[in-house]
Amino acid sequence: MTSKWNYCPLTSDEQEVESGLAKRYAGVPPISELLVQRGISSVEEAEKFFHPSLKDMHDPFLMPDMDKAVHRLNRAMGSKEQIIVYGDYDVDGTTAVALVYKYLRNFYSHIDYLIPTRNEDGYGISKATIDMAARQGVKLFIILDCGIKATEEIEYARTLGIDFIICDHHVPDETLPPAVAILNPKLEGSPYPCPHLSGCGVGYKFMQAFAISNGLGCSDLEGMLDLVAVSIAADIVPMVGENRIMAYHGLKRLNSNPNMGLRAIIRICGLASREITISDVIFKIGPRINASGRMQSGKEAVDLLVSRDIPDAYARAKEIDRYNQDRKELDKQITDEANAILEEQSETLSDKKSIVIYNKNWHKGIIGIVASRLTELYYKPSVVLTYSNGVATGSSRSVQGFDVYRAVESVRDLLENFGGHTYAVGLSLKEENIPEFTRRFEQFVSDNIRPDQLTPQLDIDSYLTFSEITPEFLGLLKQFNPFGPGNNKPVFCTRNVTDFGTSKLVGRHSEHIKLDLVDPTCGKVMNGIVFNSAQMFDHIHSGKPFSICYTIEENKHKGGSAIQLFVKAIHLD
């Protein structure tokens with residue numbers, strides 16, 4: 001699908017700020033424009049942006065109920081109560097459970113962890129789990145990355161003498177569960193300065209407050225920021241403010257002295273000899289941790305992340321890697337089946353603004369991935385449903401700028417349960433409600449989505465000539481890391497480039513193009529790569545001009561490095 005290219009020039013006020021920053025970065029003109037786009041207005045702010053400091057982390061006690069949570073945890077430990085650390089089965093939940101459990105076990109032995117199974121237990125906390133905990137004498141649950149909507153279950157737990165501390169980041173309902181403390185930066189009226197923490201990030205802030213209250217210092221806790229960085233990347237939360245600080249230092253930890261379980265995954269992924277980036281976490285590390293919860297049990301991921309033994313960690317990582325291979329095969333199979341169904345509906349699908357698709361035989365652990373694939377392919381909000389534990393259960397994904405949470409919430413009277421974020425929601429409903437859900441979901445999307453949200457958008461940060469792409473520019477550009485929502489990797493555009501004469505088709509099926517391009521404004525040649533664009537090769541090779549949108553990468557090989565353009569789109573002029 002062809003994308004629309006957008007460029008928003010700086011306003012007059014922004015240009016004034018940019019001119020001030022340009023004095024500091026005079027040798028690399030585009031840098032000041034990139035900084036202003038990220039809300040940076042002074043050299044001092046720029047230096048903080050380039051060098052994120054843990055000293056700029058927020059006081060955890062700014063979060064509502066933090067004092068109550070710390071007091072209840074201290075009381076539980078003082079009374080030697082049995083504590084369960086409980087969390088979701090995805091990357092965010094398992095890293096959160098691993099972090100809180102690993103940290104607290106340094107000081108306390110009456111503690112264990114538990115992760116629900118996707119197929120048998122489903123999302124969140126269940127009464128069956130609470131009953132089991134009551135039989136074991138558990139008095140306190142620390143529940144991470146879920147729980148904010150478990151009102152009925154937590155009310156039931158209270159009748160059994162079990163308290164809950166909720167550490168969640170999902171959107172809450174108006175009625176909150178009767179927990180002793182709810183730590184959620186999205187609570188209405190919360191003064192916490194970073195509202196978009198990951199679930200693991202909320203757990204980290206809880207442990208930070210616990211450490212402060214007990215005079216423990218935070219150095220040991222800071223050594224666990226690699227887990228937080230993995231959660232931030234995998235859960236795709238905004239890479240701004242405190243999230244960016246934690247991700248920055250967590251990545252440093254991943255590259256120097258990572259958690260033993262993460263070290264084993266890094267080795268399995270073939271990343272041990274190179275610098276690990278956020279992209280590596282998203283595409284290599286995260287999917288392997290997630291595969292455990294998708295294919296078997298998320299508890300196996302936590303077992304790996306809390307392992308203290310190198311051979312044990314490596315054996316567990318190999319098993320999780322096998323789950324990931326199985327996940328890939330199922331992913332392809334179900335995506336192909338979904339596409340076949342949609343192709344049969346192509347005439348009616350073209351008139352619709354959303355996709356809802358159901359197959360009761362699909363694997364529950366894969367449907368979220370399939371929803372993402374369909375959203376990318378058709379560029380429409382998508383819901384993929386299967387059948388599990390007596391209900392239709394599914395995942396929805398959205399296109400840029402459209403709040404699918406609101407769309408799902410608009411039909412909540414048809415649902416058994418739902419929860420999530422702006423761009424991803426999990427839900428369940430009775431099978432007989434699927435047709436009416438499909439109709440009303442489509443109606444809400446049609447009434448609320450803008451036409452431009454149904455077309456892929458490619459936002460250009462700056463126009464460049466090849467003469468501006470220098471090692472100095474690349475050096476400063478690397479300091480914009482880590483990238484993510486709110487601080488996306490800059491996309492550049494260069495107009496009217498031509499083939500140097502040596503561009504060629506590459507790949508197993510000659511589907512990619514290795515580019516050697518000339519910018520006629522300066523005569524400089526740059527190397528690049530564009531994937532799955534073989535249909536453009538004849539135009540490129542003809543010598544006719546064209547424009548490119550791209551990111552700038554450092555291609556390391558044989559001990560050296562070179563600048564390479566990763567071309568995202570080509571416009572034939």
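# Reading a fold, feature by feature

Guide: Let us start at one residue: Pro 482 sits in the loop between α20 and β14.

Visitor: How are helices and strands named here?

Guide: Both are DSSP runs, numbered from the N terminus. A helix is a run of H or I with at least four residues, and a strand is a run of E with at least two. The protein chain holds 21 helices and 19 strands.

Visitor: What kind of model is this?

Guide: A predicted model, in which local features need pLDDT of at least 70, side-chain atom pairs count only at pLDDT 80 or more, and totals for chains, interfaces and linings use all residues. Residues are numbered from 1 along each chain as its sequence is written, and side-chain values use heavy atoms, with hydrogens and water left out.

Visitor: Back to Pro 482. What kind of peptide bond joins Asn 481 and Pro 482?

Guide: A cis bond, with omega about -5 degrees.

Visitor: How does the radius of gyration of the whole chain compare with that of a compact globule?

Guide: The radius is taken over C-alpha atoms, and the globule rule is 2.2 Å times the number of residues to the power 0.38. For 573 residues that gives a value near 25 Å; the protein chain has 25 Å, so the two agree. Its C-alpha atoms fill a box of roughly 75 × 60 × 50 Å along the principal axes.

Visitor: What share of the residues is buried?

Guide: Use relative accessible area, with a 1.4 Å probe and protein chains only: buried is under 20%, exposed is over 50%, and partly exposed is in between. Here 53% of the 573 residues are buried.

Visitor: And what share of the contacts links residues 24 or more positions apart?

Guide: A contact means heavy atoms within 4.5 Å. Among contacts with a separation of 6 or more, 67% join residues 24 or more positions apart.

Visitor: Let us take a helix. Why is α2 called largely enclosed?

Guide: Count its buried residues. In α2, residues 30-37, 7 of the 8 are buried, so the rest of the structure largely encloses this helix. They include Ile 31, Leu 34, Leu 35 and Val 36.

Visitor: Which elements do the buried residues of α2 pack against?

Guide: Among them are β1 (4-7), α1 (12-24), α3 (43-50) and α20 (471-478). They also pack against β14 (492-499). After the helix comes Gly 39, with a positive phi near 80 degrees.

Visitor: What do we find at the start of α12?

Guide: Look for a polar contact: a pair of N or O atoms within 3.5 Å. Within protein, one atom must be able to donate a hydrogen and the other to accept it; residues adjacent in sequence count only if both atoms are side-chain atoms. At the start of α12, a side-chain oxygen of Asn 259 reaches to within 2.7 Å of the backbone nitrogen of Gly 261. Gly 270 follows the helix, its phi positive and near 75 degrees.

Visitor: Which residues of α12 are buried?

Guide: In this helix, residues 260-269, they are Gly 261, Leu 262, Ala 264, Ile 265, Ile 266 and Cys 269. They pack against α10 (225-235), α11 (241-256), α13, α14 (298-305) and α15 (310-344).

Visitor: Which helix holds Ser 292?

Guide: Helix α13, residues 278-295. Ser 292 is buried, with 0% relative accessible area. Leaving out residues up to four places away in sequence, Ser 292 touches Ser 297, Gly 298, Glu 300, Ala 301, Ile 320 and Tyr 323.

Visitor: Where does Ser 190 lie?

Guide: In the loop between β6 (181-183) and α8 (199-213). Ser 190 counts as buried, at 17% relative accessibility. Its side chain reaches the backbone nitrogen of Tyr 192 at 3.2 Å.

Visitor: Is Glu 511 buried or partly exposed?

Guide: Its relative accessibility is 22%, so Glu 511 counts as partly exposed. Glu 511 lies in the loop between β15 (504-506) and β16 (512-519). Its side chain makes a polar contact with the side chain of His 512, at 3.4 Å.

Visitor: What is the sign of phi at Asp 65?

Guide: Positive, about 75 degrees, although Asp 65 is not a glycine. Asp 65 sits in the loop between α3 and α4 (66-78). At 23% relative accessibility, Asp 65 is partly exposed.

Visitor: And where is Asn 496?

Guide: In strand β14. Its phi is also positive, near 55 degrees, in a residue other than glycine. Asn 496 is partly exposed, at 38% relative accessible area.
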